[in-house]
Amino acid sequence: MNLRSIGTRVGLGAAILAGTLLAGATFRAQTSTSSLWIHVRVENPDNKEETVRVNLPVALAEILVSSVDHDQLHHGHINISKHGDLNGVDLRAMVDAVKSAPDGEFVSVKSQDQDVHVSKEKGYLLIRVNDSGRKDGKNKQEVDVRVPMTVVDALLSSSKGSDDLDIGAALRALASHGDSELVNVKDGKETVHIWLDSKNDGD
Amino acid sequence: MLGKIALGFLVTTVACSAYVLQDGFVHVSVDESAKNGTHLHIIVPAELATIAAHFAPPKKFAEHQRELRALLPALKLSAQELAKLPDSVLVEVRDAHEHVLICKAGDGISIEEESPKEHVKVWVPLHAIYDTAEVLQEKAGNGTE
């Protein structure tokens with residue numbers, strides 16, 4: 001038995017296997033990013049006739065956001081300095097600090113009628129707001145936001161400064177993340193659900 | 001001689017029809033619920049929209065030139081991307097009185113609005129949207145005033 005030929009065969013076999021795996025992984029990555037849809041549902045639990053449904057491919061949303069240069073949206077970028085005073089807070093530095101920190105709760109604010117919690121868990125930034133509303137329970141509101149840290153990172157990755165949000169990059173990061181629950185809002189009048197999956201109808 | 005004229009006429013008609021048909025048709029239907037309400041069903045060659053875009057009034061065009069320059073590239077890209085999608089409901093808004101539905105249907109976009117007063121349905125081929133946006137973008141880019 002020729003050792004050299006066995007080595008060559010093993011090498012060739014390994015190369016074919018690696019090539020196949022790489023092609024498979026690339027194909028899987030392509031299908032997972034290109035076929036993801038973002039879904040928005042607004043429903044009124046008391047009146048099933050009132051609904052808003054939006055189903056949009058993430059790729060299309062990214063193209064739309066990146067190609068529009070109108071009003072405050074400039075090719076996928078929004079400058080937030082005009083919307084509110086950040087009081088010198090460097091969002092980029094803040095996110096970097098959260099990224100490098102271990103999982104846990106960063107912000108917890110409890111008041112008489114509102115609880116706010118911001119935490120990091122398994123690569124996700126979680127924001128939970130519970131507003132107890134009025135004493136009779138009306139206007140009660142629960143907000144759950146679950147954003148992958150990679151998306152937050154991409155959102156603040158702009159080279160134009162800390163107050164520039166790169167929505168296009170965030171959508172690209174979101175697309176590479178796969179199926180995700182993003183936002184759940186429940187209040188006395190309606191529920192809002194925003195999520196990501198590969199179905200085009202979201203049902 | 002008459003045969004040659006008829007043949008020439010036939011060839012011209014077929015060529016013109018093929019040119020119009022390649023771009024498909026825009027379907028518009030309006031049905032009012034009132035007793036003597038309007039029932040309008042129009043099928044227009046989509047090519048007409050592109051031709052009409054060439055003759056957009058320069059004054060009106062100049063007024064909205066900035067917005068058009070900003071939004072037309074997005075419209076073109078959207079038409080291209082939508083063409084790749086399977087038939088899907090993109091937007092649906094429903095309340096007690098009204099139902100609005102925007103769908104990708106076949107090679108086009110269907111927009112439907114249903115209310116107690118009327119039922120309106122429009123279907124536009126995506127390539128007609130792309131072509132029309134392209135013509136308008138050329139005009140906007142050239143600064144046609």
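This is a short selection-by-selection tour of a two-chain model, and the model is a predicted one.

**Stop 1: chain B on its own**

Hide chain A for a moment and colour chain B by secondary structure. You should find five helices and six strands. Walking along the sequence, the order is α-β-β-α-α-α-β-β-β-β-α. Chain B has 145 residues, and 32% of them count as buried. Switch on a surface and you're looking at about 9000 Å² exposed by chain B, with carbon and sulfur atoms supplying 65% of that. If you like contact maps, take the contacts in chain B between residues at least 6 apart in sequence: 46% of these join residues at least 24 apart.

**Stop 2: the A/B interface**

Bring chain A back. On this interface, 18 residues of chain A are in contact with 20 residues of chain B. Together the two chains bury about 1700 Å², and 61% of that is on carbon and sulfur atoms. For polar pairs, look for six residue pairs in polar contact between chain A and chain B, both residues at pLDDT 80 or more. On the chain A side, the elements giving two or more residues are β2 (47-57), α2 (58-67) and β3 (69-70). Select β2(A) if you only want one of them: it gives the most to this side, with eight residues.

**Stop 3: the salt bridge across the interface**

How many salt bridges are there between chain A and chain B? The count is one. Select Arg53(A) and Glu92(B), whose side chains meet at 2.5 Å, N to O. Both residues are buried. Over all chains, the count comes to nine salt bridges. The Arg53(A)–Glu92(B) pair joins two chains, because Arg53(A) lies in strand β2 of chain A and Glu92(B) in strand β3 of chain B.

**Stop 4: Leu85(B)**

Stay with chain B and select Leu85(B), in the loop between α4 (65-83) and β3 (88-94). Is Leu85(B) buried or exposed? Its relative accessibility is 15%, so it counts as buried. Show what's around it, leaving out residues up to four places away in sequence: Leu85(B) touches Trp37(A) and Pro57(A) from chain A, plus Leu90(B) and Lys104(B) from chain B. For a distance label, try the C-alpha atoms of Leu85(B) and Gly108(B): they are 11 Å apart, with the two positions 23 residues apart along the chain.

**Stop 5: a helix-to-helix pair in chain B**

Next, pick Glu134(B) and Lys76(B), whose side chains form a salt bridge at 3.7 Å, N to O. This pair links distant parts of the chain, with Glu134(B) in helix α5 (residues 126-142) and Lys76(B) in helix α4, 58 residues apart. Glu134(B) is partly exposed, with a relative accessible area of 29%, while Lys76(B) is buried at 14%.

**Stop 6: a charged network in chain A**

Over in chain A, select Arg92(A), Asp96(A), Lys99(A) and Asp153(A), which salt bridges with shared partners join into one network. Zoom in on Arg92(A) and Asp153(A): their closest N and O atoms are 2.5 Å apart. Arg92(A) sits in helix α3 (residues 91-100) and Asp153(A) in helix α4 (residues 149-155), 61 residues apart. Arg92(A) is partly exposed, at 22% relative accessible area.

**Stop 7: a nonpolar patch**

Finish on the surface of chain A. Phe106(A), Val107(A) and Val109(A) make a nonpolar surface patch of about 220 Å². Val107(A) is in strand β6 (residues 104-110), and at 36% relative accessibility it counts as partly exposed.

Technical notes: Residues are numbered from 1 along each chain as its sequence is written. Chains are lettered from A and ligands numbered from 1 in the order in which they are written. This is a predicted model: local features need pLDDT of at least 70, side-chain atom pairs count only at pLDDT 80 or more; totals for chains, interfaces and linings use all residues. Side-chain values use heavy atoms; hydrogens and water are left out. Patches are made of residues with over 30% relative accessible area and no salt bridge: like charges are joined within 9 Å, nonpolar side chains (Val, Leu, Ile, Met, Phe, Trp, Tyr) within 5 Å. Accessible areas come from the Shrake-Rupley method with a 1.4 Å probe; for residues, only the protein chains shown count as cover. A salt bridge is a side-chain nitrogen of Lys or Arg within 4 Å of a carboxyl oxygen of Asp or Glu. Helices (H or I, at least four residues) and strands (E, at least two) are DSSP runs, numbered from the N terminus. Buried means under 20% relative accessible area, exposed over 50%, partly exposed in between (1.4 Å probe, protein chains only). Contact means heavy atoms within 4.5 Å. Buried area is the accessible area (1.4 Å probe) that two parts lose on being put together, summed over both. A polar contact is a pair of N or O atoms within 3.5 Å; within protein, one must be able to donate a hydrogen and the other to accept it, and residues adjacent in sequence count only if both atoms are side-chain atoms.
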